[in-house]
Amino acid sequence: MKFAVIATLALSVFVPVAQAADNSEATARASVQKLIKDNKIEAFEKSPIPGYHQAVVGSQLLYVSDDGRYILQGTLYDASAKVDLTAKRLAKVNVAKLDSYPDSKRIIFAPKTKPKYKVTVFTDIDCGYCRKMHSHIDEYNARGIEVDYLFFPRSGPGTPSFAKAVSVWCAKDKRKALTEAKAGATPAPLQCDNPIAEEYQLGISVGVDGTPAVFAPDGSRIGGYLTPDQLQAQLERVAAEKPEA
Amino acid sequence: MRYLLGFILLLIAFNVVAATPEETVQTAFSKLAPQVKVDAVQESVVPGFYEALIGSQLIYVSKDGRFVLDGSAIDANSQRDITEAARAKNRLASLKQIGPDKRIIFAPENPKYSVTVFTDIDCPFCRRFHQQIDAYNKAGIAVEYIFLPLDIHPGADKKAEAVWCAIDRKLAFTAAMNGADPGTATCVNPVAESTRIAHAIGISGTPTMLASDGSRIAPQISLSPEKLAVELEHIANNPVASR
């Protein structure tokens with residue numbers, strides 16, 4: 001009986017909180033929508049932080065208190081597990097976008113045997129570190145790493161870098177044209193139906209803000225320019241991680 | 001006895017077993033980034049979090065010590081960045097060490113607002129800013145300059161000193177901002193001290209403008225007298241909630 005009283009007391013503490021949580025989703029969501037104006041909330045869910053929800057907006061994650069009053073943006077870490085929870089969640093958003101982008105629109109450099117790993121790399125012909133990265137392409141492949149290129153001409157549509165990307169895409173042998181352009185040759189100007197604008201938009205939507213931008217199979221961004229040693233190490237680390245941290 | 005046991009169980013359930021805020025934050029960082037030295041810990045208006053000060057940086061740590069958030073918080077009611085406001089508060093104390101006698105002040109008759117601007121004679125945007133000084137004053141804004149000559153502008157510290165040591169500081173400052181050579185006068189001056197304090201509170205670029213509550217004003221606002229007047233009014237009307 002005495003325990004029952006205590007149990008009831010404990011429940012009475014918990015129950016109102018549980019009820020409040022049910023209404024909080026709409027309140028918190030409305031608050032985020034007001035802040036981001038015309039932008040779209042792509043996902044809205046409970047956050048790992050008690051008392052908070054989280055919203056995926058473009059390539060960003062916002063945390064909002066259940067009463068809608070406070071909105072936090074930044075990088076959230078789980079201190080004990082040493083995990084960047086923000087990057088983890090955004091990787092999930094990215095992987096859906098990247099996985100649905102077809103092979104037919106990528107320029108693929110694959111090892112001769114079945115690849116162990118596959119990376120998606122946003123690249124720009126006029127970027128020094130992209131060129132340096134491509135100079136290791138045989139070495140990446142030799143380590144069982146498939147490199148799928150998507151174009152992200154940083155200067156944007158209507159610029160010389162963008163035109164070069166189109167020319168490479170429209171060449172008969174795309175891979176050869178890409179390799180030559182990365183070695184410094186100006187590609188012969190060509191025009192055709194091409195996915196460069198689509199790739200540029202995809203890049204923006206997964207948060208690419210510079211090139212090269214290297215994405216692991218789990219959708220997490222693992223670089224920047226990476227030497228073959230560094231790329232292999234990063235991919236092994238990602239593969240070793242539990243899917244749900 | 002049974003009550004006592006139940007009470008203890010409840011305590012455990014609610015995790016009341018108390019660690020101080022400092023201990024909680026220190027434990028979180030010792031796991032995540034052991035090299036980090038936490039300077040101070042304080043309560044936050046953001047529910048469920050403490051604020052950890054690391055140099056001029058502010059990091060949020062959840063009260064259970066599990067989560068660390070490096071970012072900023074917005075108060076949805078006022079749409080103000082309260083992380084910046086919290087940083088501002090911590091900045092104000094240091095800023096007060098640079099009193100009016102260590103600033104060059106351009107003020108209208110009855111100023112409505114006052115801003116602090118860290119400036120460098122050899123910084124183009126600082127010069128552009130000063131070209132509009134009359135418009136700022138006309139909008140009721142007093143501009144208090146503090147010298148922060150940048151390392152990337154060799155000799156700018158000597159120019160700042162020469163302006164400071166001129167008979168008419170304001171005249172010399174305006175002339176220097178218009179490209180005149182301020183000469184090489186020397187005297188006791190606050191340039192080195194204000195530079196040191198600026199660095200200590202995380203200000204490393206020019207022009208950097210701070211409102212009277214210590215909050216930093218973005219360049220796209222500070223460089224326009226009209227936008228600045230609107231922003232200062234907004235800040236005055238929406239003080240950040242105190243804890």
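Two residues are in contact if their C-beta atoms, placed from the backbone, lie within 7 Å. Keep that in mind and select B:Val68: leaving aside neighbours within four places in sequence, B:Val68 is in contact with A:Tyr77, A:Ala79, B:Ala28, B:Leu32, B:Ile59 and B:Val61.

Before going further, some housekeeping. You're looking at a predicted model, where local features need pLDDT of at least 70 and side-chain atom pairs count only at pLDDT 80 or more, while totals for chains, interfaces and linings use all residues. Residues are numbered from 1 along each chain as its sequence is written, and chains are lettered from A and ligands numbered from 1 in the order in which they are written.

**Stop 1: the cores**

Stay with B:Val68 and add A:Val64, A:Ile71 and B:Val61; these four touch the most other members of the largest nonpolar core, which has 40 residues. A nonpolar core here is a set of buried Ala, Val, Leu, Ile, Met, Phe, Trp, Tyr and Cys residues joined through C-beta atoms within 7 Å. Buried takes 20 or more other C-beta atoms within 10 Å of a residue's own, exposed 12 or fewer, and partly exposed lies in between, with C-beta atoms placed from the backbone. Apart from the largest core lies another, of 36 residues, including B:Ile121, B:Ala162, B:Trp164 and B:Leu228.

**Stop 2: where the chains meet**

Show both chains: 25 residues of chain A are in contact with 25 residues of chain B. On the chain A side, helix H1 (2-36) and strand E4 (70-78) are the elements that give two or more residues; helices (H or I, at least four residues) and strands (E, at least two) are DSSP runs, numbered from the N terminus. E4(A) supplies the largest share, 9 residues.

Now colour E4(A) and strand E4 (residues 67-75) of chain B, which run antiparallel and are joined by 9 bridges. Two strands pair if DSSP finds at least two bridges between them. To see one bridge, pick A:Leu76 and its partner B:Leu69.

**Stop 3: the sheet in chain A**

Which order do the strands of the open sheet in chain A take? Follow E6-E8-E7-E9-E10, 5 strands with mixed pairing. Strand E6 (107-109) and strand E10 (221-223) are at the edges with a single partner strand each, so one side of each has no neighbour in the sheet. Inside the sheet, strand E7 (residues 117-123) and strand E9 (residues 213-215) run antiparallel, joined by 3 bridges; select A:Thr120 and you'll find A:Phe215 of E9(A) opposite.

Then light up helix H5 (residues 160-170) of chain A, where the buried residues include A:Phe162, A:Val166 and A:Trp169. The buried residues of H5(A) pack against strand E8 (145-151), helix H6 (174-182) and helix H7 (196-205) of chain A.

**Stop 4: backbone oddities**

Most residues other than glycine have a negative phi, and most peptide bonds are trans. Here are some exceptions to click on.

- The A:Thr211 to A:Pro212 peptide bond is cis, with omega near -10°; A:Pro212 is in the loop between H7 and E9 of chain A.
- In chain B, a cis peptide bond joins B:Thr206 and B:Pro207, with omega about -10°.
- A:Lys82 is not a glycine, yet its phi is near 55°. A:Lys82 counts as exposed because it has 11 C-beta neighbours inside 10 Å.
- B:Gln79, also not a glycine, has a positive phi of about 60°, and is found in the loop between E4 and strand E5 (80-81) of chain B.
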